[in-house]
Amino acid sequence: MQPYFYSVSEFLAMGKHGVFVWSCWAITVGMMLAFVIYSRRQRQALIKQLTIQQARQAQRTAKTTMPVTKQSH
């Protein structure tokens with residue numbers, strides 16, 4: 001059995017198609033990393049938004065459940 005590529009430079013060149021092959025790999029990996037980063041940022045933004053929303057809801061319920069005191073004149 002003979003190896004298809006005899007050196008690293010032949011492997012990287014891939015029979016003069018290396019530029020296309022490696023650029024496709026780079027684009028794919030770049031897009032996957034961008035998607036992971038975007039997803040993490042969206043998740044963090046959603047958690048922050050939900051935390052703010054829960055705090056506001058807690059304030060509203062605290063205001064409505066406070067006992068009303070009568071004022072004497």
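This is a short walk through the structure shown above, from the whole chain down to a surface patch and one ring pair.

Okay, before anything else: what we have here is a predicted model. The protein chain has 73 residues, and buried ones make up just 1% of them. Its accessible surface comes to about 7,600 Å², with 65% of that belonging to carbon and sulfur atoms.

As for the fold, you'll find two helices and zero strands. Helix H1 covers 8-13, and helix H2 covers 18-65.

Now, which residues form the nonpolar patch on the surface? Those are Val8, Phe11, Leu12, Trp22, Trp25, Val29, Leu33 and Ile37, and together they have about 800 Å² of accessible area. Both helices chip in, with H1 and H2 each giving at least two residues. H2 has the largest share, at five residues. Take valine 29, which sits in helix H2: with 40% relative accessibility, valine 29 counts as partly exposed.

Let's zoom in on the rings. If you search the whole structure, you get one aromatic pair. That's phenylalanine 11 with tryptophan 22, arranged edge-to-face, 5.6 Å centre to centre and with 65° between the planes. Phenylalanine 11 belongs to helix H1 and tryptophan 22 to helix H2, so this pair ties together parts that are 11 residues apart in sequence.

And are these two rings' residues buried, exposed or partly exposed? Phenylalanine 11 is partly exposed, at 34% relative accessible area, and tryptophan 22 is partly exposed too, at 32%. Remember that both of them are also in that nonpolar patch.

Note on methods
Residues numbered from 1 in each chain as written. Predicted model: local features only at pLDDT ≥ 70, side-chain atom pairs only at ≥ 80, totals over all residues. Heavy atoms only, no water. Patch = residues over 30% accessible without salt bridge, like charges linked within 9 Å, V, L, I, M, F, W, Y side chains within 5 Å. Areas by Shrake-Rupley, 256 points an atom, 1.4 Å probe, with all protein chains shown as cover. Salt bridge = Lys/Arg side-chain N within 4 Å of Asp/Glu carboxyl O. Helix = DSSP H or I, 4+ residues; strand = E, 2+ residues; numbered from the N terminus. Buried < 20%, exposed > 50% of the residue type's maximum accessible area, 1.4 Å probe, protein only. Phe/Tyr/Trp six-rings, centres within 6.5 Å; stacked < 30°, edge-to-face > 60°.
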